[in-house]
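Please read this briefing alongside the sequence and the coordinates. It takes up one sheet, then one helix, and then the protein as a whole.

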Amino acid sequence: MNTSSSATRRPVSIAALGECMLELQGQAFGTLRQSFGGDTLNTAVYLARCGGAGLQVHYATALGDDSLSAGLLERWAAEGVLTGLVQRLPGRLPGLYLIELDEGGERRFHYWRGQAAARSYFEAAVTALEAQADALDALYLSGISLAILPPAGRERALALMARMRASGKLVAFDNNYRPRLWESVADARDWYQRAFAAATVALITADDHQALHGLADLDAAVAAAQALPVAEIAIKRGALPARVGLHQIWQDVLTESVPRVVDTTAAGDSFAAGYLSRRLRGGAPAEAAAFGNRLAARVIQHPGALIPREAMQDLIG
Ligand code: ADP
């Protein structure tokens, strides 16, 4: 993909595909604070913040025609995320999760997402994402994006990945693995294998790769990730250096030193945004990973998935 020269002519464009849910936080039957969240949406927001005028970031998902869905669209747009690829499905609703804080401040997650509109994105004969894919430079989706779709939707997502990859575009697959969203681990492995085969960039959380393949330890997970059949691979290992490889030439990129980790939510999502924002403007993988590390380090020093923009203004200038 010739992103560096195209960036001088027109903005580079990327679509993130997935699900964003309504978030409620607080004590059961107490006062609940309302927000929203989802791995790919987090990445889309951080991409929009990092990319500036040179990067157009779309979010592709399905929502209902209700006021909560309208509220989500407004909030995404306020973050600079383009919403023209969102399908509105009459009578449907966004998914919902509750983060319950117990007496000790421990967080417990409860989900209502089985009927969420996002699952039906590919029920349209042709989605806006598929119709406009030729005008995009890149696509980003995760294991969660695939997990929530019915098999026919997964097939469509994979076909889109393959089509964009064949046109020389960047197709990034982030391995976020949530076992409870899959029918079985064998099923998940199968779809992941196909997703990696259709991707040009694999973003790997080593923990998740270990869990998906039942590997003995993190080193085994990293070795397995390095053997994935993807040209470009970025492996995240918490505070340990990120390991990035392009055509099997590997570099370890030190993470930032963080005095106090406040909340690791969206660490991987923000790393992905930092990494891809730099790659899409022609930066080398090690430089992109260094920026991903800087952004993620900032995000984990604040509560919540989406930290205030002002808290990262110096990074995005
Ligand atoms: P995920 O959120 O996907 O589980 P990780 O926990 O591996 O991913 O973290 C993603 C990125 O966040 C790391 O590659 C690193 O850049 C940053 N990060 C996570 N934990 C720390 C930490 N303790 N110190 C510094 N950076 C961290």
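**A four-stranded sheet**

In this predicted model, four strands form an open sheet in the order β3-β2-β7-β8, and their pairing is mixed. The edge strands are β3, covering residues 32-37, and β8, covering residues 107-112, each of which pairs on one side only. From one strand to the next, the twist averages 25 degrees.

**Pairing and packing at the sheet**

- Strand β7, made of residues 96-101, pairs with β8 in the antiparallel sense, and six bridges connect the two strands.
- Within this pairing, tyrosine 97 has tyrosine 111 of β8 as its bridge partner.
- Helix α3, which spans residues 67-78, lies across β2 (21-26) and β3, and it runs at about 65 degrees to β3.

**Helix α11 and its surroundings**

- Helix α11 comprises 15 residues, 285-299, and reaches 21 Å from its first C-alpha to its last, which is close to the 21 Å expected at 1.5 Å a residue.
- This helix is mostly covered, with 11 of its 15 residues buried, where buried means under 20% relative accessible area.
- The buried residues of α11 include Pro285, Ala286, Ala288 and Ala289 towards the start of the list, followed by Phe291, Gly292 and Asn293.
- Also buried in α11 are Leu295, Ala296, Ala297 and Val299.
- The cover over these buried residues includes three helices, namely α2 (39-51), α10 (267-280) and α12 (313-316).
- Strands β13 (240-246) and β14 (249-253) are likewise among the elements that cover the buried residues of α11.

**The protein as a whole**

- The protein contains 12 helices and 14 strands.
- Its radius of gyration is 18 Å, close to the 20 Å that the globule rule gives for 317 residues, so the protein is as compact as a globular protein of that length.
- Taken along the principal axes, the box filled by the C-alpha atoms is roughly 55 × 50 × 45 Å.
- Of the 317 residues in the protein, 53% are buried.
- When contacts between residues at least 6 apart in sequence are considered, 67% of them join residues at least 24 apart.
- The protein exposes about 13700 Å², and carbon and sulfur atoms supply 52% of that area.

Note on methods
Residues are numbered from 1 along each chain as its sequence is written. This is a predicted model: local features need pLDDT of at least 70, side-chain atom pairs count only at pLDDT 80 or more; totals for chains, interfaces and linings use all residues. Side-chain values use heavy atoms; hydrogens and water are left out. Two strands pair if DSSP finds at least two bridges between them. Axes are lines fitted to C-alpha atoms, for helices over the stretch in contact, and angles run from 0 to 180 degrees between N-to-C directions. Contact means heavy atoms within 4.5 Å. The expected span of a helix is 1.5 Å times one less than its number of residues. Buried means under 20% relative accessible area, exposed over 50%, partly exposed in between (1.4 Å probe, protein chains only). The radius of gyration is taken over C-alpha atoms; the globule rule is 2.2 Å times the number of residues to the power 0.38. Accessible areas come from the Shrake-Rupley method with a 1.4 Å probe; for residues, only the protein chains shown count as cover.
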